[in-house]
Amino acid sequence: MTKNLVLFCVAALLLGVAVGCGPKKPADMPETYPFKVKIVDGSKPIADVQVQMLWEKNSVVTGVTGADGVAEMKTTLQKFTTKGAPEGEFRVLCTKDPKVDHWKTDQERAEMSSGEAAAYMKEWQAKCDELPREIPKVWKDFDKTPLKASVPNGGGEVTFDVEGRADE
C-alpha cells in the first residue's frame with residue numbers, strides 16, 4: 001500500500017509540474033472569441049492557405065485553411081497562444097505560393113556547392129513563379145491587401161473569394 005501511495009504522489013507531483021510549464025497568459029492578453037476565415041474560389045474551398053490577421057498590439061492572429069477552406073484562428077501574444085481572435089478590426093494577409101517539385105534529390109542538393117545551390121534555387125523559384133496562382137499576390141502584401149476582417153464580441157466568420165482575382 002505504501003508503494004502505491006509513493007507512486008501516486010510522484011505522479012501527482014509530475015502532473016503538477018507539467019501543468020505549470022509553458023508560457024503564462026500575459027496580463028494584457030485580451031479576451032478572444034472563436035473566429036474562422038474561409039478562403040474559396042467560387043464554391044471550391046482552398047486548402048493550405050496561411051492566414052494572418054494583423055492587430056494593433058504586438059500579437060499575431062494566425063491560422064491555416066484545411067480541406068474545407070476554413071482556418072480556425074489563434075492569437076499569440078508574448079509566446080502565449082490561445083484559440084480565437086480578439087474583438088476588433090484587422091488587416092488580413094493570405095499566402096499560398098505555388099511550388100514546383102524539386103527535380104534534384106535532397107542528397108543531390110546537399111552535395112552542391114553554395115554557388116550551384118544558389119543557381120538551382122533561383123531556377124526553382126523562377127519555375128514556381130510561372131505557375132498559376134490560387135491566391136492573388138496582393139493578398140500577401142501588408143501595404144496592398146484589400147482584405148479586412150471585423151471580429152465582433154462573441155466571434156464569427158469571414159469568407160474571402162478569389163474567383164476572378166488570382167492575377168491581382
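This passage walks through the overall fold, the main nonpolar core and three individual residues of a predicted model.

Starting with the big picture, the protein is built from three helices and 12 strands. Of its 168 residues, 30% count as buried. The accessible surface adds up to about 11000 Å², and carbon and sulfur atoms account for 54% of that area. As for how the chain meets itself, take the contacts between residues at least 6 apart in sequence: 67% of these join residues at least 24 apart.

Next comes the interior. In soluble globular proteins, nonpolar side chains tend to be buried together. Here, the largest nonpolar core holds 24 residues, and the members touching the most other members are Phe-35, Val-37, Ile-39, Met-53 and Cys-94. Several strands feed this core: β2 (35-41), β4, β10 (88-95), β11 (148-151) and β12 (156-161) each put in at least two residues.

Thr-145 is worth a closer look. This residue sits in the loop between α3 (114-130) and β11, yet its relative accessible area is just 7%, so Thr-145 counts as buried, the cut-off being under 20%. Its side chain has polar partners on the backbone. A polar atom of the Thr-145 side chain lies 2.8 Å from the backbone oxygen of Val-92, and the backbone nitrogen of Leu-147 is found 3.2 Å from a polar atom of that side chain. Leaving aside residues up to four places away in sequence, Thr-145 touches Arg-91, Val-92, Leu-93, Val-138 and Trp-139. Val-92 thus turns up both in this list of touching residues and as the owner of the backbone oxygen at 2.8 Å.

Phe-80 belongs to strand β8 (residues 80-83). With 17% relative accessibility, Phe-80 is also classed as buried, because the limit is under 20%. Phe-80 also pairs up in space with a residue from another stretch of the chain: Lys-25 is 55 residues away in sequence, but the C-alpha to C-alpha separation of the two is 5.9 Å.

Finally, Asp-48 stands out for its backbone. Most residues other than glycine have a negative phi. Asp-48 is not a glycine, but its phi is positive, at about 65°. The residue is placed in the loop between β3 (44-45) and β4 (50-54). Its relative accessible area is 51%, so Asp-48 counts as exposed, the cut-off being over 50%. Asp-48 is thus exposed in its loop, whereas Thr-145 is buried in its own loop.

Conventions. Residues numbered from 1 in each chain as written. Predicted model: local features only at pLDDT ≥ 70, side-chain atom pairs only at ≥ 80, totals over all residues. Heavy atoms only, no water. Helix = DSSP H or I, 4+ residues; strand = E, 2+ residues; numbered from the N terminus. Buried < 20%, exposed > 50% of the residue type's maximum accessible area, 1.4 Å probe, protein only. Core = buried A, V, L, I, M, F, W, Y, C linked by side-chain atoms within 4.5 Å. Contact = heavy atoms within 4.5 Å. Areas by Shrake-Rupley, 256 points an atom, 1.4 Å probe, with all protein chains shown as cover. Polar contact = N/O pair within 3.5 Å; in protein donor to acceptor, adjacent residues only side chain to side chain.
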